[in-house]
Amino acid sequence: MRLLTWLSMCILLAACSHAGGVKPAGFGFESLGDGIYVHHGAHLDIDVGYQGDICNISFVVGSKGVAVIDTGGSYKVGRQVREAIGKVTPLPVLYVINTHVHPDHVFGNAAFSGDKPQYVGHEKLANAMLNRKEQYDKLNARLLGEDAKGSETIVPTISVKDGMELDLGDRKLILKAYPIAHTHTDLAVTDSKTQTLFTGDLLFIERTPVLEGDIKGLIAVLDVLKSQNAKQVVPGHGPVTQDGVTAFNNAQRYLNTLLTDIRAAIKSGKSMEQTMETAAAGEKDKWVLFDIANRRNVNTVYPQLEWE
Ligand SMILES: [Zn+2]
């Protein structure tokens, strides 16, 4: 029964995520119009069935060239993105932007080296990538096998301290680096022409939000992003939405519930293991991959709050 619910949910999500958009054959990209394209990875956990293609990957076309926002989890995925761009425009890829350090977002980077782009990320991203290189190389080899071949750690050539603008011709991308939230390397991107906000993993839609950074920091950053009132929002995982406020509120509701429940559990002397079973349980039916992600979040947040 559980499996059936799961399967039907996946099929439903696959259908919904492309509603109203153009889905070309092969490696699918949804066209949002105005030169913006988004590929939706599958809602799979990194520990269960990971195939290198689970996050959103976007590209934005200007009159001078293209910017790619996240590159997927392997060289293989990155190649598919590069091919899809070639079908849309002959213009070069000028910028490859990584929204944060997580392996599902960065290991397609090498597929763009032929364009000699600038690689762009948070000022702390280069160090974070290098510190995790060994761990992530092992993880890719173990989980992706052959598909990991050609994947490389390519660090930013441009690092963003606070904010920065990138000119694509006829449009600018406005980059903003955030303090510790989902990770300590989070960068959000806004397209000036359409007021489309690309949040990276600061925002999840459908899929349970996860964090390795700071839960209070993430809740605060979500307030900042919400106040931007973007016309449309592309999350790190999940469908594009024109109703960013609802999406940000949903994520904050989950995170605030988790925060409140973990604090209460610590106060009443519950162990971390016990807390994993109960914290934010009321959110369970509202998100995909809840059990595994929520346990992981408790594992991150509980030790942080113990010393509050
Ligand atoms: Zn992430």
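**Notes on the predicted model: loops, strands and the zinc site**

1. Lys-116 lies in the loop between H3 and S6. Please keep in mind that this is a predicted model. The phi of Lys-116 is near 50°, which is a positive value in a residue other than glycine. Is Lys-116 buried or exposed? With a relative accessible area of 71%, Lys-116 is exposed, because anything over 50% counts as exposed.

2. Phe-112 is a good companion to look at next. Its place is in the loop between helix H3 (103–106) and strand S6 (118–122). Phe-112 has a relative accessibility of 0%, so it counts as buried, whereas Lys-116 is exposed. If you would like a distance to check on screen, take the C-alpha atoms of Phe-112 and Gly-62: they are separated by 17 Å, and the two residues are 50 apart along the chain.

3. Ala-280 also deserves a click. It sits in the loop between helix H7 (272–278) and helix H8 (290–305), and has a positive phi of about 55° although it is not a glycine. Ala-280 is buried, at a relative accessible area of 0%, because buried means under 20%.

4. Now to the zinc ion. Which residues coordinate it? The donors are His-100 through NE2, His-102 through ND1, His-182 through NE2 and Asp-201 through OD, at 2.1 to 2.4 Å. Along the sequence, these donor residues follow the spacing H-x1-H-x79-H-x18-D. Two of the histidines come with accessibility values: His-100 is buried at 0%, and His-102 is buried at 13%.

5. Why is the arrangement of the four donor atoms irregular? The angles that they subtend around the zinc ion run from 84 to 172°. Four donors count as tetrahedral if all angles lie between 85 and 135 degrees, so the range of 84 to 172° does not fit that class. For reference, the ideal angle for four tetrahedral donors is 109.5 degrees.

6. Strand S5 (residues 93–97) is a handy place to start on the sheet. Four of its five residues are buried, so S5 is largely enclosed by the rest of the structure. Strand S4 (residues 66–69) is joined to S5 by four bridges, and the two run parallel; here Val-68 stands opposite Val-96. Between S4 and S5 the chain passes through helix H2 (residues 75–88), in a right-handed β-α-β crossover. S5 is also joined to S6, by three bridges, and this pair runs parallel. In that pairing, Val-96 stands opposite Tyr-119 in S6.

7. Strand S11 (residues 196–204) has nine of its nine residues buried, so it is largely enclosed by the rest of the structure. Three bridges join strand S10 (residues 187–191) to S11, with the strands antiparallel, and Thr-190 has Leu-197 as its bridge partner in S11. The hairpin of S10 and S11 has four residues between the strands. Gln-195, in this hairpin, takes a positive phi near 55°.

8. What about strand S12 (residues 232–237)? It is mostly covered, with six of its six residues buried. Five bridges connect S11 and S12, which run parallel. Leu-197 has Val-233 as its bridge partner in S12, and Phe-198 stands opposite Val-234. From S11 the chain travels through helix H5 (residues 215–227) to S12, and this β-α-β crossover is right-handed. As a reminder for reading such strands, side chains in a regular strand alternate between the two faces of the sheet.

9. Finally, have a look at helix H4 (residues 125–144). How far does H4 span between its end C-alpha atoms? The span is only 23 Å, while a straight helix of 20 residues would span 28 Å at 1.5 Å a residue. There is also a bend of about 60° in H4, at Lys-133.

10. The buried residues of H4 are worth picking out by colour. They include Leu-125, Ala-128, Met-129 and Arg-132, and further along Tyr-136, Leu-139, Asn-140 and Leu-144. When you view them, remember that an α-helix has 3.6 residues a turn, so residues three or four places apart point the same way.

How values were computed. Residues are numbered from 1 along each chain as its sequence is written. This is a predicted model: local features need pLDDT of at least 70, side-chain atom pairs count only at pLDDT 80 or more; totals for chains, interfaces and linings use all residues. Side-chain values use heavy atoms; hydrogens and water are left out. Buried means under 20% relative accessible area, exposed over 50%, partly exposed in between (1.4 Å probe, protein chains only). Two strands pair if DSSP finds at least two bridges between them. A crossover is right-handed if, with the strands pointing away from the viewer, the path from the first strand over the helix to the second runs clockwise. Donors are N, O and S atoms within 2.8 Å of the metal (3.2 Å for Na, K and Ca); water is not among the atoms, so sites may look incomplete. Four donors count as tetrahedral if all angles lie between 85 and 135 degrees; four count as square planar and six as octahedral if opposite donors are over 155 degrees apart and all others between 65 and 115; anything else is irregular. The expected span of a helix is 1.5 Å times one less than its number of residues. The bend at a residue is the angle between axes fitted to the seven residues ending there and the seven starting there.
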